[in-house]
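Trainee: Could we go through this protein together, one question at a time?

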Amino acid sequence: MPDATFKVFRGDINNGGLVEYIVPIAPGMVVLDALHYIQAHQAPDLAVRWNCKAGKCGSCSAEVNGHPRLTCKTRLDALPLDEPITVQPMKSFPVLKDLVTEVSWNYRINKKIPPFTAKPNVEWKMDQREVDRVQEFRKCIECFLCQNVCHVLRDHDKKEQFGGPRFFVRIAGLEMHPLDGISRTELLKKELGIGFCNITKCCTEACPEDIADFLVDTGATDSLAPSTELRKIGIEPAGRTAYELANGRVEEYSFGLVEISFMGEVTAGRVIFGPDEAEPILGMTALESVGITIDPATRTLKRLPAIPLK
Ligand code: SF4
Ligand code: SF4
Ligand code: FES
């Protein structure tokens, strides 16, 4: 069997560094297998958190070659084995020991969010489209990789003022629930600081569950998302219309009518059924209808003092 070199962080919040281990490689191995090999044969005191080894418990999050990864889902045959593979703990949380970080701050934020609270006196009935829409946000496995890469937490350490993408996902699921009777938008704006989010999308790229999100496009009037993703959350076409593309070509697309939530705001509008490989786009109509615009100098979103009525 060929060998691979691993450089694994050993230490705690005060001291530590990368320690080299040589691991024999077998077909189908993932990074977590290599860590278990190191534990079994070379470093029985190596601290590694894991539980399911199936990408579902969210425990084994780490930084593999500097990228946020579930170690149980990161196959060795997808990594360059001719150079050392580094495995480090998530940077945004304090290290307890080796690869295990202290993530209890997330649970404290979670407690601030009022749970599902049923509307009084309504029939407990949901159609399948509503179930699918809410289900998208319930795919979260609480791996906290999105929290780890979000620059508001990672680089600016705004843990007192910002809840982070994992909790924006949880709130989106609750706010879109048709039988939920309370609003969490003030909490989102005031306590969880959603205004700090500048939609860089790093959280989406890190998410092993591919929880849907939207980009902003300064040139697009309507929002757009891949057709399959829209159908998955129960949105059906309401009509078809011609759109002029950036290259001047005119093409017909179906559109649906949807509720769009972002940055603690909610609006309604058209969403285009785009090609499946298309990046989701948040159009200017949705942005401007809630008084948000783009600052071209910083390429971030900013709130207008008031929504223009002209
Ligand atoms: S899009 Fe917002 S929440 Fe996600 S990483 Fe960027 S700043 Fe953080
Ligand atoms: S939203 Fe995605 S990246 Fe964030 S905690 Fe949930 S599963 Fe992990
Ligand atoms: S061990 Fe459960 S997600 Fe990796």
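**Burial, layout and a ligand shell**

Mentor: Happily! This is a predicted model, and 32% of the 310 residues in the protein are buried.

Trainee: What makes a residue count as buried here, and what share of the protein is buried?

Mentor: We look around the C-beta atom of each residue. A residue is buried if 20 or more other C-beta atoms lie within 10 Å of its own. Among the 310 residues of the protein, the share that is buried comes to 32%.

Trainee: How many helices and strands does the protein have?

Mentor: Both kinds of element are present. The protein has 15 strands, and its helices number ten.

Trainee: How far apart are the C-alpha centres of domain 1 and domain 3?

Mentor: Start with the domain assignment, which gives domain 1 (3-101), domain 2 (104-215) and domain 3 (219-303). The C-alpha atoms of the protein fill a box of roughly 70 × 45 × 45 Å along the principal axes. Between the C-alpha centres of domain 1 and domain 3, the distance is 39 Å.

Trainee: Which element gives the most residues to the shell around ligand 2?

Mentor: Of the 15 residues around ligand 2, those that come nearest are C140, C143, C146, R166 and C207. Two or more residues of this shell come from each of α4 (145-149) and α6 (165-175). With three residues, the element that gives the most is α6.

Trainee: How do the residues of that shell divide into nonpolar, polar and charged?

Mentor: Cysteine counts as nonpolar and arginine as charged. For the whole shell around ligand 2, the division is twelve nonpolar, no polar and three charged.

Notes. Residues numbered from 1 in each chain as written. Chains lettered and ligands numbered in written order. Predicted model: local features only at pLDDT ≥ 70, side-chain atom pairs only at ≥ 80, totals over all residues. Near = placed C-beta within 6 Å. Helix = DSSP H or I, 4+ residues; strand = E, 2+ residues; numbered from the N terminus. Buried ≥ 20, exposed ≤ 12 C-beta atoms within 10 Å, placed from the backbone. Domains from an automatic or database assignment.
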